[in-house]
Each structure stands twice: as structure tokens, then as C-alpha cells.
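These are my notes from looking through one structure, written for someone who has not seen it before. I start with one pairing and then work outward.

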Amino acid sequence: MPTSKQYTYKDSGVNIDEGNALVEALKPLVASTFDTQVIGGIGSFAGAYALPSGYKEPVLLAATDGVGTKLRLAIDAMKLDSVGIDLVAMCVNDLICNFATPAFFLDYYATGKLDKMLALEVIKGIVQGCKQAGCALIGGESAEMPGMYHNKDFDIAGFAVGIAEKSELEAPSKVQAGDVLIGLPSSGLHSNGYSLARKVLFEKLAMRFSDKLCERKEVQNALPHIDSDKNLLQTLLEPTTIYVSVFKTYKHLIKSLAHITGGGIIENLPRALPKGLGAHIYTEAIPKQAIFALLSAHIDLKEAYRVFNMGVGMVFAVARENANTILTETNGFLLGEVVQGSDITII
């Protein structure tokens, strides 16, 4: 009588050896993000990070996020080298809005069948994002879950921790009517609004990844002098800008910050203003981008400003006398001003 088969984890679709090979391959990448505060290396049950000296009342702040359906496009195109930057950006850009300097980052990568080379492409982007943000990648997790994800599908999540002085958390309360709003340009859609963008671009307009935005009549009408020849895929997968460096340079001049993500300017800017204050936003000052010109031709403009960043990735509220310093030394632009009332008025 034949003996029954003795099953292994690999028979169920989980390859332990591939997971171990991934860990070994990523160790030098991860180590390249370490600073002097990192204790130990990769492979322990938890990452260790020593609090830096110099803080009077240090406060730890944490943020978590994903990349959303931008990941669907990256997987469909098998272009995975930049979504890791997006992942870091979405977390650290939130941290600085609470005046926290990013310290370390962790990631979570879940897939149906682990492919070491594909996972490494993603993690290389995470490493690059951490370097841009000046934070250490001190840990992560890869999960192989057959039955949960199919084919080459996967999902990623990120977790960032930063440090701030307790007194800095009160800075936004100092914003007052008459203060200036400085916008920092986005690098496109960043990582929000892709479900609507995909519906318009691929379902309604039947566009292809290789289509040039500059050849669309909607773009030519709105931006007759456009000279960009990026195709649709390049535009949609442009990585999210990380604003940590400019924040650290001008933190002493900034009263509050707003990361313009899902909800756009209309819903995110109020989070950076005290109760009883609103803003006038001058849209003509925003640098024009082809992707927003195209989408706006097929979406109600008010809805567009509620869903997309529309070219504004970060907003600083500063005293009027300090605005010129930032405007002349960065690529920032005068976006608007703080006013009495609670409305965000798009002008």
C-alpha cells in the first residue's frame, strides 16, 4: 500500500528559500541607508534605533501609507523601480507636516508568489526614497500568500517614524490671517486619485501607455507652448516628490505645512490652519502640467481640486516677511494667503 504524500510548504505555494534569498540580496541595499543611530543590522526580530541627542522634549511621530492603485499601473507595465520612492514619500511627507524629522522606515511587501528580482526592484526604490528623505530603512516584512494575490500582483505598505520637539507641535496654532501660502510643485499625480485618472484615461479616452500627452488636443488647447514629450506611462509613474530636505532647510520660517494628497488642496489645507481661518488660493500661480490639463477637460474643475493635487504637492504657511526667502531660494511659488473664515476659496 503506497504511503501518503508528505507535503512541504513549497507544495502550498510558499517558497521559503526564495524568501531567504531575498533577505540576503537586500542586506547591502538596506545597510546603505543606515546612519549612526541604527543599532545592529537586518535579521533580528525588530529594528533598533537610538534617539539622537540634542532634543529637550523629544516626541516620536509615526505615519503609514501605501501607493494605492498607482501600483496597478506599475504592475501592468512591469515598471517597478519607482513605486518604492512613492511609498516612502507618502509617509515622510506626512511626518514633516507635524514638524517631525524622519528617522527610520519599515516596509511590508505581500504577494501571491515571491519573485526575488521583482521584489528587489521595489526595495531598491524604497532605499532610494529613504536616502532622499534622510531616514534609515531598519526593517521590513515580505509575505508570500497564494490565494490572496494572483499572478504577479502584490501590495506594499510603509511605516515611518520621526522625531520632533514637543514645542514644535504647537507651531500651526501661530498661523494668522495675512500669512502667506507658498506652494511647492508636485511631480504629477504623486500617489492619489489614480482610480479616477485610470477611468478617464483608459476607459473613457482609451489611451495607451505609449501615447504622448502633448499630442492631445485638450493639452494643446490649455498649454499651447508645451514642450514635454513624455508618454502617458512615464507621466503616471513619475515618482512622488519628497519634500524633507526643503522642510529641514526652512523649518525655522514655516508655521504650518499641508501635504496635498487625497482630497486635494480643498480638504488638506484646512488641516494646517487653526479654527476660524481659511484661505484664498490663486490657481494661476500653479505651474501648469499636461496631465492635469488633460484630466480637467473631462472632470468638473471643483471635483478635480478635491481629488488631485493639481500641481501642488506641499504648502507652507509662513509670515509675509519671511516668504521672499523661500520663494527666491526654492522652486516654490506664491499660492495664496490665509484669511478670516473657514472656507478654502479657489480663485
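How many bridges join S9 to strand S11, and do they run parallel or antiparallel? I found 5 bridges between S9 and S11 (residues 333-340), and the two run antiparallel. I use "pair" for two strands between which DSSP finds at least two bridges. Helices (H or I, at least four residues) and strands (E, at least two) are DSSP runs, and they are numbered from the N terminus.

Ground rules, noted before going on. The model is predicted, so I kept in mind that local features need pLDDT of at least 70 and side-chain atom pairs count only at pLDDT 80 or more, whereas totals for chains, interfaces and linings use all residues. Residues are numbered from 1 along each chain as its sequence is written, and side-chain values use heavy atoms, with hydrogens and water left out.

**Entry: strand S9**

I stayed with S9 and looked at individual partners. Histidine 280 stands opposite glutamate 337 in S11. S9 also has a parallel partner, strand S12 (residues 344-346), joined to S9 by 3 bridges. There, isoleucine 281 has isoleucine 346 as its bridge partner. I then checked burial, where buried means under 20% relative accessible area, exposed means over 50%, and partly exposed lies in between (1.4 Å probe, protein chains only). In S9 (residues 277-281), 4 of the 5 residues are buried, so the strand is largely enclosed by the rest of the structure.

**Entry: the whole chain**

I counted 12 helices and 12 strands in the chain. Its radius of gyration is 22 Å, close to the 20 Å that the globule rule gives for 347 residues, so the chain is as compact as a globular protein of that length. The radius is taken over C-alpha atoms, and the rule is 2.2 Å times the number of residues to the power 0.38. Along the principal axes, the C-alpha atoms fill a box of roughly 85 × 55 × 30 Å.

Buried residues make up 50% of the 347 residues. For contacts, meaning heavy atoms within 4.5 Å, I looked at residues at least 6 apart in sequence: 84% of these contacts join residues at least 24 apart. The accessible surface comes to about 16,600 Å², and 52% of it belongs to carbon and sulfur atoms. Those areas come from the Shrake-Rupley method with a 1.4 Å probe; for residues, only the protein chains shown count as cover.

**Entry: strand S6**

Which strands pair with S6 in the antiparallel sense? I found S3 (residues 58-66), over 9 bridges, and S4 (residues 101-111), over 10 bridges. On the S3 side, leucine 60 stands opposite isoleucine 163 of S6. On the S4 side, phenylalanine 104 has valine 161 of S6 as its bridge partner. S6 itself (residues 154-165) is mostly covered, with 10 of its 12 residues buried.

**Entry: the loop before S6**

I moved to the loop between strand S5 (136-144) and S6, where glycine 147 sits. Glycine 147 counts as exposed at 58% relative accessibility. Its C-alpha atom is 6.6 Å from that of glycine 112, a residue 35 places away along the chain. Asparagine 151 is in the loop between S5 and S6 too, and counts as exposed at 74% relative accessibility. I noted its phi near 55°, a positive value in a residue other than glycine.

**Entry: phenylalanine 99**

Is phenylalanine 99 buried or exposed? Phenylalanine 99 counts as buried, at 3% relative accessibility. I located it in the loop between helix H3 (83-96) and S4. Its phi is near 60°, a positive value in a residue other than glycine.

**Entry: two tyrosines**

Tyrosine 243 is in the loop between helix H7 (232-236) and helix H8 (244-250). Its relative accessible area is 4%, and it is buried. Leaving out residues up to four places away in sequence, I found that it touches Asn93, Ile96, Leu184, Pro185, Ser186, His190, Gly313 and Met314.

Tyrosine 250 lies in helix H8 and counts as buried at 8% relative accessibility. With the exclusion of residues up to four places away in sequence, tyrosine 250 touches Thr325, Ile326, Glu329 and Thr330. The C-alpha atoms of tyrosine 250 and asparagine 93 are separated by 15 Å, and the two residues are 157 apart along the chain.
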